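Biologist: I'd like to go through this model with you and hear what stands behind the labels. Can we start with a helix end?

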Amino acid sequence: MKQTIKKITTRLYKPLLVKYLSATRTYSYKGIKLVIPPAVFHPGFFFSTRLLLRYIASLPLKNKLFLELGAGSGLIAMYAARQGATATATDINPVAVHALEMNRRSNRTPLTVIQSDLFRNIPQQAFDIIAINPPYYKKQPQTPAEYAWYCGEAGEYFQQLFCGLQNYMHAQSMVLMILCDGCDIPMIKEMARANGFRLYCVFEKKNWIETNFIFMIEKLTG
């Protein structure tokens, strides 16, 4: 039944959504007002960003060193900054980075913005909290906008993520990543294990299209 609903939704809703998001739109959430260009992942029309934000909003953020990796609109990082975190937002997409800078200024939010392919251009430091809403689907991205959706034919994004992650953590770092049941979760868990990490689910929520999972990423010991 769920698959039938998903197919019908995709057939009817997706073309309308694609058309709507082909123009620059504005979006407001928790007092944060964003201008979102077409090439940037829109947090208002997909469940993952807001679900991860709700979980992060339950955490103590004041005075934390916070990173939103692959931030897109930067909604989560801006929220963390407004709660007193020292926040950094990064993205590989130059359009997203430009929009982040504009939205940072218009919201008068103290936020460091960096254009980076994962950790490549981020000065090495140990963050207290890292939030990741990764690309889910196995396909090679062809445009900057597609990096928000596609993780490579063999999940190369996740391999690079786990290879670099340990250089940006300390013993008490909290790393949170949201995935859905459309991801190759066994592959992602195996890549994590091969790089000295384990994933365990701290939150799960079903909706009429998919099930979302928030995973904590921890270093393996021993």
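Modeller: Sure: Asp184 caps the N-terminal end of H6, with a side-chain oxygen 3.1 Å from the backbone nitrogen of Met187. Bear in mind that this is a predicted model, where local features need pLDDT of at least 70, side-chain atom pairs count only at pLDDT 80 or more, and totals for chains, interfaces and linings use all residues. Residues are numbered from 1 along each chain as its sequence is written, and side-chain values use heavy atoms, leaving out hydrogens and water.

Biologist: Why is Cys183 called buried?

Modeller: Buried means under 20% relative accessible area, exposed over 50%, and partly exposed in between (1.4 Å probe, protein chains only). Cys183 has 9% relative accessibility, so it counts as buried.

Biologist: And what makes Cys201 partly exposed?

Modeller: Cys201 comes out at 36% relative accessibility, so it gets the in-between label.

Biologist: How do you know that Cys183 has no bond to Cys180?

Modeller: A disulfide is a pair of cysteine sulfur atoms within 2.5 Å. The closest cysteine sulfur to that of Cys183 is in Cys180, at 4.2 Å, so it's too far for a bond. The structure holds zero disulfides.

Biologist: Back to H6: which of its residues are buried?

Modeller: Ile185, Met187, Ile188, Met191 and Ala192.

Biologist: What puts them on the same side of H6?

Modeller: They cover an arc of only 160° around the axis (taken from the directions from the helix axis to the C-beta atoms), so they sit on the same side of H6. The face turned away from that buried side carries the exposed residues Pro186 and Ala194.

Definitions and conventions:
Helices (H or I, at least four residues) and strands (E, at least two) are DSSP runs, numbered from the N terminus. A polar contact is a pair of N or O atoms within 3.5 Å; within protein, one must be able to donate a hydrogen and the other to accept it, and residues adjacent in sequence count only if both atoms are side-chain atoms.
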